[in-house]
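Below is a set of questions about how certain terms apply to one model, each with its reasoning. The structure is shown first.

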Amino acid sequence: MKAFFFSLRNRLRFYISEFRIVMSATCRSQCLLPLPTPSLKLPTAAAYCLLLTLLLLFQAQPAHAWGFWAHKRINRIAVFLLPPEMMNLYKDNIDYITEHAVDPDKRRYATADEAPRHYIDLDRYCTFPCADFPRRWDDAVAMYSEDTLKAYGIVPWRIQQMMYWLTDAFKAKDKNKILRLSTELGHYIADANVPLHTTENYNGQLTDQVGIHGFWESRIPELFGEDYDYFIGKAEFIQKPLDRIWKTILESHQALDTVLGFEKQLSLTFASDLKYAYEKRGQTVVRVYSQDYTKAYSKLMDGMVERRMRSSIKMVADVWYTCWVNAGSPKLNPLYDVPLSEEEKLQLEEEQRRWRERTNPQHGHPHPETGTE
Ligand SMILES: [Zn+2]
């Protein structure tokens, strides 16, 4: 019996010393909790190792579409590109426009139709420049059927449809609708500017690059977005909205080779203990791409994330402005507070509840936008 405990103790000692070596290589200076020291008593050291392991194992890295940070920033800055006739309304409500920029992602837990509105898996149909792929919804339905289109994403037509609704809201001078539709349009436009929103390999799952979605659109802007150049000019009228939408989507799609190819190339030159780090988010410790790795990737892409963010901001402002002009450039004072219908109110409450509880999986095409990659 004594011999058994003696060998168990030795074994534990061995595991703890191994654990220390592995952890010090994995965490480097990024570890939030100090590693167990050799002077700790055996049971304390064992419990400590177990705690550290559990912390690292069970914390999933949250990843959001364009990152929630970037979605909010895009909507907020777009306000400052508007002409004075529109600026007052948008500026007075800039907190709403910023905070609710992420509502469409939250809605994925409540509404089955929501998911495909955020992307289009163009490579299911064609290769760049996709000259034969129908741009208009009716033509695309005729060629592929509505079910197929909904299965692989409908973001270009979602933007087009919402532009009609926003134009009508301006005509009706319906303040709530103008703000809600503007805010949500900002979200879908930003998504259309993300290369990984135009491919079925949306999270690198087909090329052994799982996690690249959040890496590109969350980690990079969250680390470096404060230093981007947001001097973008003024909102301009869009003559042919559907052409502009497709131009944006094809630009995104064209950039895919760079997004995937450069990360693959870079990962071959980084040891995995340098590629990842651990950071504290709120009360949890999460595994993230290390700052060095993120910086190197961003540099390789030569500022692509900044360019796509700028492109998103410009397009959001252009679309808001175009809808207003198409509505006859109405004076935005006075506006009317048209109350939500009972049905709309219930729907909104249900969406919020589902998001808060997140007991349901996300509906539709799984996308790593809300922390479930
Ligand atoms: Zn989205």
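Q: Which elements do the buried residues of α11 pack against, and what makes that packing a contact?
A: This is a predicted model. The buried residues of α11 pack against α3 (67-78), α13 (256-269), β2 (284-289), α15 (291-300) and α16. Contact here requires C-beta atoms within 7 Å.

Q: What makes α11 a mostly covered helix?
A: In α11, 10 of the 13 residues are buried. Burial needs 20 or more other C-beta atoms within 10 Å of a residue's own. The residues of α11 that are buried are I212, H213, G214, F215, W216, E217, S218, R219, I220 and P221.

Q: How do you know that the span of α11 is close to the expected one?
A: Helix α11 covers residues 212-224, 13 residues in number. The expected span is 1.5 Å times one less than the number of residues, which gives 18 Å for α11. From first C-alpha to last, α11 reaches 17 Å, close to that value.

Q: Where in α11 does a kink lie, and what angle does the term refer to?
A: The kink lies at S218, shortly before the proline P221, and is about 25 degrees. The angle is taken between axes fitted to the seven residues ending at a position and the seven starting there.

Q: Why are the buried residues of α15 said to be on the same side?
A: The residues concerned are Y293, T294, Y297 and S298. They cover an arc of only 130 degrees around the axis, so they lie on the same side of α15. The face turned away from that buried side carries D292 and K299, which are exposed. Among the elements covering the buried residues of α15 are α11, α13, α14 (272-275), β2 and α16. After α15 comes D302, with a positive phi near 55 degrees.

Q: Why are β1 and β2 called paired?
A: Pairing requires at least two bridges. Strand β1 (residues 276-281) and β2 have six bridges, in the antiparallel sense, so the requirement is met. In one of these strands, β2, R287 is the bridge partner of Y278. The hairpin of β1 and β2 has two residues between the strands, and G282 takes a positive phi near 65 degrees there.

Q: What makes A317 a residue with many contacts in the largest nonpolar core?
A: That core has 65 residues, and A317 is one of those with the most contacts inside it, along with L82, I159, L166, I189, V316 and W320. Helix α16 (residues 304-326) supplies the largest share of this core, 11 residues. Leaving out residues up to four places away in sequence, A317 touches A78, L81, L82 and A235.

Note on methods
Residues numbered from 1 in each chain as written. Predicted model: local features only at pLDDT ≥ 70, side-chain atom pairs only at ≥ 80, totals over all residues. Core = buried A, V, L, I, M, F, W, Y, C linked by C-beta atoms within 7 Å. Buried ≥ 20, exposed ≤ 12 C-beta atoms within 10 Å, placed from the backbone. Helix = DSSP H or I, 4+ residues; strand = E, 2+ residues; numbered from the N terminus. Contact = placed C-beta atoms within 7 Å. Arc of directions from axis to C-beta.
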